[in-house]
Amino acid sequence: RDSADTLGTGGTNKIIMPGATSDSDLTSTPYLEIFAFQGLHSGADAISGDFSFAASGVLHKNGEEIPFKGVTLSGNFNKLLNSIAGIGANLHPSNSRGFFAPLIRFEGQSIAGL
(Lines give C-alpha, C1' and ligand atoms only; values in the text may rest on other atoms or scores of the structure.)
Protein backbone atom coordinates (compact mmCIF):
# COMPACT_ATOMS: atom_id res chain seq x y z
CA ARG A 1 0.00 0.00 0.00
CA ASP A 2 1.13 3.53 -0.74
CA SER A 3 1.89 5.60 2.37
CA ALA A 4 -0.57 8.26 1.11
CA ASP A 5 -3.46 5.76 1.10
CA THR A 6 -5.94 5.85 3.94
CA LEU A 7 -7.30 2.80 5.67
CA GLY A 8 -10.90 1.88 5.07
CA THR A 9 -13.35 -0.93 5.33
CA GLY A 10 -15.59 -2.52 2.76
CA GLY A 11 -17.29 -5.73 1.87
CA THR A 12 -15.33 -8.27 -0.10
CA ASN A 13 -17.75 -11.18 -0.26
CA LYS A 14 -21.50 -10.77 -0.36
CA ILE A 15 -23.71 -13.79 0.26
CA ILE A 16 -27.45 -14.38 0.03
CA MET A 17 -28.15 -17.31 2.30
CA PRO A 18 -29.61 -20.44 0.70
CA GLY A 19 -33.10 -21.79 1.28
CA ALA A 20 -34.50 -25.31 1.17
CA THR A 21 -35.75 -25.73 -2.42
CA SER A 22 -33.71 -27.87 -4.82
CA ASP A 23 -32.36 -26.20 -7.95
CA SER A 24 -34.17 -28.80 -10.08
CA ASP A 25 -37.52 -27.86 -8.50
CA LEU A 26 -36.88 -24.16 -9.22
CA THR A 27 -35.99 -24.84 -12.86
CA SER A 28 -38.60 -27.50 -13.67
CA THR A 29 -40.97 -24.99 -15.35
CA PRO A 30 -40.13 -22.15 -17.80
CA TYR A 31 -38.07 -19.34 -16.26
CA LEU A 32 -35.89 -16.34 -17.07
CA GLU A 33 -32.27 -16.34 -16.04
CA ILE A 34 -31.14 -12.71 -15.83
CA PHE A 35 -27.41 -12.08 -16.29
CA ALA A 36 -27.22 -8.29 -16.44
CA PHE A 37 -29.21 -5.15 -15.66
CA GLN A 38 -28.80 -1.81 -17.41
CA GLY A 39 -29.89 1.54 -15.93
CA LEU A 40 -30.23 0.41 -12.31
CA HIS A 41 -29.43 3.84 -10.86
CA SER A 42 -31.57 5.84 -13.24
CA GLY A 43 -34.55 3.49 -13.18
CA ALA A 44 -35.10 3.10 -9.43
CA ASP A 45 -36.84 5.28 -6.84
CA ALA A 46 -35.31 4.74 -3.40
CA ILE A 47 -38.34 6.24 -1.64
CA SER A 48 -41.21 4.33 -3.27
CA GLY A 49 -39.23 1.22 -4.23
CA ASP A 50 -40.49 1.43 -7.82
CA PHE A 51 -38.05 0.34 -10.52
CA SER A 52 -37.85 -0.06 -14.27
CA PHE A 53 -34.72 -1.11 -16.11
CA ALA A 54 -33.43 -3.17 -18.99
CA ALA A 55 -32.30 -6.75 -18.47
CA SER A 56 -30.42 -9.35 -20.50
CA GLY A 57 -30.29 -13.10 -20.06
CA VAL A 58 -31.79 -16.38 -21.23
CA LEU A 59 -35.36 -17.70 -21.36
CA HIS A 60 -35.42 -21.42 -20.48
CA LYS A 61 -38.52 -23.00 -22.02
CA ASN A 62 -39.26 -26.56 -23.21
CA GLY A 63 -35.58 -27.53 -23.08
CA GLU A 64 -34.53 -24.52 -25.19
CA GLU A 65 -32.31 -21.63 -24.14
CA ILE A 66 -33.43 -18.43 -25.88
CA PRO A 67 -31.11 -15.44 -25.32
CA PHE A 68 -32.67 -12.00 -24.87
CA LYS A 69 -31.32 -8.49 -24.45
CA GLY A 70 -32.88 -5.18 -23.50
CA VAL A 71 -36.25 -6.36 -22.18
CA THR A 72 -37.81 -4.06 -19.59
CA LEU A 73 -38.37 -5.36 -16.08
CA SER A 74 -40.50 -3.12 -13.87
CA GLY A 75 -42.18 -3.33 -10.51
CA ASN A 76 -41.77 -2.42 -6.87
CA PHE A 77 -38.87 -3.71 -4.75
CA ASN A 78 -41.05 -4.42 -1.69
CA LYS A 79 -43.57 -6.33 -3.80
CA LEU A 80 -40.69 -8.15 -5.50
CA LEU A 81 -39.49 -9.48 -2.15
CA ASN A 82 -43.02 -10.65 -1.37
CA SER A 83 -43.20 -12.49 -4.72
CA ILE A 84 -40.36 -14.91 -3.94
CA ALA A 85 -41.70 -18.37 -4.79
CA GLY A 86 -38.58 -20.33 -3.87
CA ILE A 87 -34.96 -20.02 -2.75
CA GLY A 88 -32.50 -22.68 -3.82
CA ALA A 89 -30.47 -24.80 -1.43
CA ASN A 90 -27.15 -24.39 -3.29
CA LEU A 91 -24.94 -21.30 -3.44
CA HIS A 92 -23.63 -20.23 -6.86
CA PRO A 93 -20.64 -17.84 -7.22
CA SER A 94 -20.47 -14.84 -9.52
CA ASN A 95 -17.70 -14.76 -12.12
CA SER A 96 -15.54 -12.64 -9.80
CA ARG A 97 -16.32 -14.90 -6.83
CA GLY A 98 -17.19 -11.81 -4.77
CA PHE A 99 -20.92 -12.58 -4.67
CA PHE A 100 -22.61 -15.86 -3.81
CA ALA A 101 -26.34 -16.55 -4.10
CA PRO A 102 -28.78 -19.40 -4.48
CA LEU A 103 -31.26 -19.53 -7.35
CA ILE A 104 -34.25 -17.35 -6.48
CA ARG A 105 -37.58 -17.75 -8.25
CA PHE A 106 -39.94 -14.77 -8.42
CA GLU A 107 -43.56 -15.05 -9.59
CA GLY A 108 -45.79 -12.52 -11.36
CA GLN A 109 -43.25 -9.92 -12.50
CA SER A 110 -43.91 -7.43 -15.30
CA ILE A 111 -41.60 -7.97 -18.29
CA ALA A 112 -41.97 -6.12 -21.59
CA GLY A 113 -40.25 -6.92 -24.86
CA LEU A 114 -39.88 -10.67 -24.54
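Within strand 7, F100 is the bridge partner of I15. Strands, here and below, are DSSP runs of E of at least two residues, numbered from the N terminus. The model is predicted, so local features need pLDDT of at least 70 and side-chain atom pairs count only at pLDDT 80 or more, whereas totals for chains, interfaces and linings use all residues. Residues are numbered from 1 along each chain as its sequence is written, and side-chain values use heavy atoms, with hydrogens and water left out.

The pairing of I15 with F100 belongs to a wider arrangement. Strand 1 and strand 7 (residues 99–101) run parallel and are joined by two bridges; two strands are said to pair if DSSP finds at least two bridges between them. Together with strand 6 they make an open sheet of three strands, in the order 1-7-6 and with mixed pairing. At the edges of this sheet are strand 1 (14–15) and strand 6 (92–93), each pairing on one side only. As a helpful reminder, strands of a sheet pair through backbone hydrogen bonds, either parallel or antiparallel.

A further open sheet has four strands, ordered 2-3-4-9, and its pairing is antiparallel. Strand 2 and strand 9 (110–112) each have a single partner strand, so one side of each is left without a neighbour in the sheet. From one strand to the next, the twist averages 40 degrees; the axes behind such angles are lines fitted to C-alpha atoms, and angles run from 0 to 180 degrees between N-to-C directions. Strand 4 and strand 9 run antiparallel and are joined by three bridges. For L73, the bridge partner in strand 9 is I111.

Strand 4 (residues 64–76) also holds N76. N76 counts as buried because its relative accessibility is 13%; buried means under 20% relative accessible area, exposed over 50%, and partly exposed in between, with a 1.4 Å probe and protein chains only. The side chain of N76 reaches the backbone nitrogen of N78 at 2.9 Å. Leaving aside neighbours within four places in sequence, N76 is in contact (heavy atoms within 4.5 Å) with S48, G49, D50 and F51.

F51 appears again in an aromatic cluster, which it forms with F37 and F53. Rings of Phe, Tyr and Trp (its six-membered ring) pair if their centres lie within 6.5 Å; planes under 30 degrees apart count as stacked, over 60 as edge-to-face and the rest as tilted. By this rule there are two aromatic pairs. One of them is the edge-to-face pair of F37 and F53, with 4.8 Å centre to centre and 85 degrees between the planes. This pair links distant parts of the chain, 16 residues apart: F37 lies in strand 2 (residues 31–38) and F53 in strand 3 (residues 50–61). With a relative accessible area of 39%, F37 is partly exposed, whereas F53, at 10%, is buried.

The last site to visit is R105, which sits in strand 8 (residues 104–106). R105 is buried, with a relative accessible area of 15%. The side chain of R105 reaches the backbone oxygen of L26 at 2.5 Å and makes a polar contact with the side chain of T29 at 2.8 Å. A polar contact is a pair of N or O atoms within 3.5 Å; within protein, one must be able to donate a hydrogen and the other to accept it, and residues adjacent in sequence count only if both atoms are side-chain atoms. The C-alpha atoms of R105 and A85 are separated by 5.4 Å, although these residues are 20 residues apart along the chain.
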